[in-house]
Amino acid sequence: MSDNNFKSSYGADDIHILQGLEGVRKRPAMYIGSTNANGLHHLVWEVVDNAVDEALSGFGNKIVVTLHKDGSCSVLDEGRGIPTGINKETGKPAVEVVFTELHAGGKFNSKVYQSAAGLHGVGASVTNALSEWLEVTVYLNGDISFIRFENGGNLVVPLEKRGTTKKHGTLVRFKPDKKIFSTVEFKRDIIAGHLQESAFLMSGVRFVLIDERINETQEFYYENGLVEYVNNININKKHLTPVIHFTDYDNETGISSEVALQYCNEDYNETILSYANNIRTKEGGTHEVGFKAGITRAVNEFAENFNLLKGKKLEGSDIREGLTALISLKIPESSLEFEGQTKGKLGTPEATYIVQNFIYNKLTYYLTENKELGLNLIKKCVDAQQARIAARKAKDEARSAKKTKTEVILSDKLTPAQSKDYLKNELFIVEGDSAGGSAKKGRDRIHQAILPLRGKPLNTDGLQVSQLLKNEEIATIINTIGAGFGQAFDIDDIHYGKIIIMTDADTDGAHIQTLLLTFFYHYMRPLITSGHVFIAVPPLYRIYKEEGHKMVQEYAWDDEGLERAKEKIGRGYKVSRYKGLGEMDAIQLKETTMDPRSRLLIQVDIEDPLLAENRVSTLMGKDTSSRKRWVEENVNFDEIDTFIKEVK
Ligand code: TTJ
């Protein structure tokens, strides 16, 4: 893909190059997805991915990311250094081309394993295009070379020699352009998460994050990457098995595979994360298919050998309850294929049988060698199988008895929707009785139901199920959604297509959101993964003016919107800032936060189980001091980002 865009006939034509970067400035979202905080951090990933690629090729084992006080970010590696010699096709120093030509990165790299930078990445030139300034310092062949761009990639200091050195490597420093982004504040948590993930996938490479804004340094370094990754995800759980680690190399295809897995008790979710060439394959693909087939066969055969199945084979889902697995493949570039809407699915066909055979062989051997562990595992799987069969039977009986879905006992707190067209219905879980009252009045009674929450719902992390059900708020939520919970949760039975959490935009509101999301994450995960959970975003401002006896008004969700609204309403406007939902009357609440035609909803998506688990354990775990600190320092609407994918 990258090479086709590199037209050698351009020669050393400045204009074409600039046009390329101008295109990026005109339509930034096409290159980095958005111009919000997500897009901003994309600038960092583009640069970091290049440094990671160099380490992946075996050059340098330390990468330092620094967040500077002036709002810039720098990335330093100890690789070979970006070449500074003149590139024949353009007549310019290669390093200049890398930062001014779209997709030029791959041109100078021919490696066996193409990874993030060359594949999904749009290249470091995009970071340049969207920066106020960008500087590159290259330490190579004893020289220190420097080049600087300003205002979206205009060359202002051509490559020059600035001294001599014994070091080798590349330093890139850039300041994102505030004309492009809605926020230019880098979030330490987001960057730390990305670096930690890279460190898990690249054993032996040290990632350092220096935040000069608050004088704090974090390091991520793992000698046993995938094993430590699983340990981290399962840190707060009860383990049925240790982390089991397998590696393999296939001579014929050149594919190397690595898997780390662990079973936990009292957890019926499966958490499978897969990667191909260090790129997360969020939609799975051939390697995941092979993995599932491999463990299903190995576990069934082991169980049959001990006559534990009584003729009823275990289904894949029985075997994956409580499983955390990480799958990482390195595939030669020539056979690497990605598919799917977001290219998040591995397509390489050979990966299926390679991973299937690899897992089947290694796990079979492992179970035979660790018989006691194997028998415990089978017990858990058979329990899951029986629960599944019992649930199915109960459901079938209920169906044939009444031919309707089991009636849900409705709480007197709930104001139900009239329609029985469940998937079109929306459930608003509202903070506080007073906002609940307005929501009740302002709702669309056909499709919108209101469930007010009094106080805070229970912290559900690490709770016994019996305790969980004693909590009235939680029991009401489970009952209202109508699809059971935990192991018995059945997404086909949900009574609402959208579950919308509506809280104030303050610390308490954020805390309530987190508590609810934690609950859904642990006990109704498919609700989140199938995209049924949303957060309502109330506006921050109302801008209004009386004209005669008519009131003109606008709402704004951020400062930019506020400016637009002021302009629209014109002289004499007044602004009120909403502190909570309670300050809005029913009509305002309807107009701004509930009506599908004008509201702003955020769809919740737990992108990263590790982040989710970390968040859950710092926020919800027993350690109240760290939770309090975390909430004080971090909670605002932006911070809910780790749970959130897109805005609708
Ligand atoms: C290319 O092939 C010859 C040896 O150097 C290879 C290279 O490109 N190395 C390289 C690039 N090392 N580091 C980078 C790099 C580092 C940062 C921080 C940012 C960017 C865009 C590239």
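These questions and answers go through the cores, two helices, a cavity and one arginine of a predicted model.

Q: Which helix gives the most residues to the largest nonpolar core?
A: The largest nonpolar core has 60 residues, and those with the most contacts inside it are Phe99, Leu130, Ile191 and Phe207. Nine residues of this core come from one helix, at 37–56, and no helix gives more. That helix is H3.

Q: Why does the largest nonpolar core lie between two domains, and which are they?
A: Nonpolar side chains tend to be buried together in soluble globular proteins. Here the core takes residues from both domains, so it lies between them. The two are domain 1 (22–220) and domain 2 (225–388).

Q: How many residues has the other core, which lies apart from the largest?
A: Among the members of this other core are Ile244, Ala276, Leu363 and Leu367. Its size is 40 residues.

Q: How far apart are the end C-alpha atoms of helix H7?
A: Helix H7 covers residues 188–201, which is 14 residues. At 1.5 Å a residue, H7 should span 20 Å, and the model agrees. The end C-alpha atoms of H7 are apart by 20 Å.

Q: How many of the 14 residues of H7 are buried?
A: Buried here means under 20% relative accessible area. Residues of H7 that meet this include Ile191, His194, Glu197 and Leu201. H7 is mostly covered, and its count of buried residues is eleven.

Q: What is the volume of the second largest cavity?
A: A search of the whole structure finds three cavities of 30 Å³ or more. The lining of the second largest includes Thr241, Tyr263, Ile295 and Leu377. Strand S13, helix H9, helix H11 and helix H12 each supply at least two residues of that lining. The volume of this cavity is about 60 Å³.

Q: Which residue just after H9 takes a positive phi?
A: H9 has 20 residues and should span 28 Å at 1.5 Å a residue; its end C-alpha atoms are 29 Å apart, which agrees. Just after this helix, phi is about 55 degrees at one residue. That residue is Asn307.

Q: Is Arg25 buried, exposed or partly exposed?
A: Arg25 is found in helix H1. Buried means under 20% relative accessible area and exposed over 50%. The relative accessibility of Arg25 is 23%, so this residue counts as partly exposed.

Q: What distance separates the C-alpha atoms of Arg25 and Gly152?
A: Arg25 and Gly152 are 127 residues apart along the chain. Arg25 nevertheless touches Gly152, and its other contacts include Asn151, Asp177 and Lys179. The separation of the two C-alpha atoms is 7.5 Å.

Definitions and conventions
Residues are numbered from 1 along each chain as its sequence is written. This is a predicted model: local features need pLDDT of at least 70, side-chain atom pairs count only at pLDDT 80 or more; totals for chains, interfaces and linings use all residues. Side-chain values use heavy atoms; hydrogens and water are left out. A nonpolar core is a set of buried Ala, Val, Leu, Ile, Met, Phe, Trp, Tyr and Cys residues joined through side-chain atoms within 4.5 Å. Buried means under 20% relative accessible area, exposed over 50%, partly exposed in between (1.4 Å probe, protein chains only). Helices (H or I, at least four residues) and strands (E, at least two) are DSSP runs, numbered from the N terminus. Domain bounds come from an automatic or database domain assignment. The expected span of a helix is 1.5 Å times one less than its number of residues. On a 1 Å grid over the protein atoms alone, a cavity is a set of points where a 1.4 Å probe fits but cannot get out, and a pocket is an open set with protein on both sides within 12 Å along at least five of seven lines; lining residues have an atom within 4 Å of a point. Grid points are joined across faces, edges and corners, and a volume is the space filled by probe spheres set on the points. Contact means heavy atoms within 4.5 Å. Lists of a residue's contacts leave out its neighbours within four places in sequence.
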